[in-house]
Amino acid sequence: MSVIPPRNAPHVVILGAGASLAAFPNGDKNGRKLPLMNSLVDMLELKSILPKKYSPYFNDFEKLYGIINADLKQQKLKEQIDRAVYNYFYDLQVPETPTLYDYLLLSLTNKDIIATFNWDPLLLQCMRRHPDVKSLPRVHFLHGNVAVGICYNCTLLGYMYNHRCHRCNDPFQPMRLLYPVEKKDYNSDPAIKNEWNELKKYIQQALYVTVFGYSAPASDVEAKQLMIDAILNNRYREFYEVDIIDIKVEDELYSNWKKFLYKQHYGFISNFQESYLWQHPRRSTEAFFDAYLMNSPWEDNPFPSFSNISDMHKWIEPLTNVET
Ligand SMILES: [Zn+2]
């Protein structure tokens, strides 16, 4: 006998590199592009530090990094790459106009979470321009993030760009980034372990899961298995819904995600605007519950397109006003 979920069970959103690319198709404020695994070497101009023998892997950062990481004689080169990657992402800046990440953040409330594999700071930079929206999702960083600083005295995470811990005023240490190697060991870093524990806990209680632009690459076998184990333990297994937002063809998506899905309770869509979150901002699980469990579908209430942030805030106000 399965437990009927509450209408306000969490909505969990999982982001991969494809989501940042979709949110910033023209790059950041200064036109710096968001890389994928196949474009990272080029975009970060790593060719200047990489010996020629690695050229067969220039289009596959995952493989390249794995090889260099495993070669004990190349640890200096590895550190150089780590620094270049960290600095490239650290310098990215969000454009002033609303981005897909602003819509995503405002489409969720504080019962929901976003867990991202991305190192870029843009989601957190977007989050900080909605300080008066009283209910926003929590954000977790599954592979670390350049915008997150850690104070080891206070065991506190904070905003890296503020430089110092707001409690003890010591300088923040950067959150460790997990690079694409097969054995990442999500338990070795306490901050990252905690981010994973939160994700697992939320996946087990979620009524809705949206995976956006995350392709579960080969170096993420362990990550994928952790998510599958969590969803198999979902309390509402016979009710939950999964949306996969990805531009790949359906067959490929199905074979990649089949262990994560339950019967026909999923949708493959190619952009965020087609998702339930876009059609029912801040009410996705309630609208879904009424439509599929009570047979009482809502009218869609899709986001209009906004040209500035304060218009977004005005539009969501009738929704936030009635939230408890
Ligand atoms: Zn501190």
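In strand β7, the bridge partner of V12 is V209, and this pairing is a convenient entry into the predicted model described here.

## Strand β1 and its two neighbours

V12 belongs to strand β1, which spans residues 11–15 and is mostly covered, with 5 of its 5 residues buried. The burial extends to both faces of β1, since H11, V13 and L15 on one side are buried, as are V12 and I14 on the other. In a regular strand the side chains alternate between the two faces of the sheet.

The contact with β7, which comprises residues 208–212, is made through 5 bridges, and β1 and β7 run parallel. Strand β1 also pairs with strand β2 (residues 113–116), again in the parallel sense, over 4 bridges. V12 takes part in this second pairing as well, where its bridge partner in β2 is I113. V12 can thus be followed to V209 in β7 and to I113 in β2.

## The open sheet β5-β4-β6

A further group of 3 strands forms an open sheet in the order β5-β4-β6, with antiparallel pairing. Strands β5 (156–159) and β6 (173–174) stand at the edges of this sheet, each with a single partner strand, so one side of each is left without a neighbour in the sheet. Strands of a sheet pair through backbone hydrogen bonds, either parallel or antiparallel.

Strand β4 (residues 148–151) is joined to β6 by 2 bridges, and to β5 by 4 bridges, the latter pair also running antiparallel. I150 of β4 stands opposite Q173 in β6 and opposite L157 in β5, while G149 stands opposite P174 in β6. From β4, V148 and I150 point one way and G149 and C151 the other, and all of them are buried. Between β4 and β5 the chain forms a hairpin with 4 residues between the strands, and T155 in the turn has a positive phi of about 40°.

## The zinc site

C151 brings β4 into the metal site, where the zinc ion is coordinated by the SG atoms of C151, C154, C165 and C168 at 2.2 to 2.4 Å. The 4 donor atoms subtend angles of 100 to 115° around the zinc ion, which makes the arrangement tetrahedral. For comparison, ideal angles at a metal are 109.5 degrees for four tetrahedral donors.

Along the chain, the donors follow the spacing C-x2-C-x10-C-x2-C. C151 lies in strand β4 and C165 in the loop between β5 and β6, so this pair ties together parts of the chain that are 14 residues apart in sequence. C151 is buried, with a relative accessible area of 2%, and C165 likewise counts as buried at 2% relative accessibility.

## Empty space: pocket and cavity

Rolling a probe the size of a water molecule over the atoms shows where empty space is left. A search of the whole structure finds 1 cavity of 30 Å³ or more, and the table sets the largest cavity beside the largest pocket.

| Space | Volume | Nonpolar lining | Polar lining | Charged lining |
|---|---|---|---|---|
| Largest pocket | about 800 Å³ | 21 residues | 12 residues | 6 residues |
| Largest cavity | about 30 Å³ | 1 residue | 4 residues | 5 residues |

The largest pocket has a volume of about 800 Å³. Of the 39 residues that line the largest pocket, the closest to its centre are G16, A17, G18, L36 and G213. Helix α1 (residues 17–23) gives the most to this lining, with 5 residues.

The lining of the largest cavity consists of S107, L108, T109, K111 and D112, together with R282, R283, S284, T285 and E286.

## An exposed loop residue

Where in the chain does P56 lie? P56 is placed in the loop between helices α2 (40–43) and α3 (61–70). In contrast to the buried C151, P56 is exposed, with a relative accessible area of 61%, and the cut-off for calling a residue exposed is over 50%. P56 and R235 are 179 residues apart along the chain, and their C-alpha atoms are separated by 46 Å.

Methods
Residues numbered from 1 in each chain as written. Predicted model: local features only at pLDDT ≥ 70, side-chain atom pairs only at ≥ 80, totals over all residues. Heavy atoms only, no water. Buried < 20%, exposed > 50% of the residue type's maximum accessible area, 1.4 Å probe, protein only. Pairing = 2+ DSSP bridges. Donors = N, O, S within 2.8 Å, 3.2 Å for Na, K, Ca; no water. Tetrahedral: all angles 85-135°; square planar, octahedral: opposite > 155°, others 65-115°. 1 Å grid on protein atoms, 1.4 Å probe; cavity = no way out; pocket = protein on both sides within 12 Å on 5 of 7 lines; lining within 4 Å. Points joined across faces, edges and corners; volume = space filled by probe spheres on them. Nonpolar A, V, L, I, M, F, W, Y, C, P; charged D, E, K, R; others polar.
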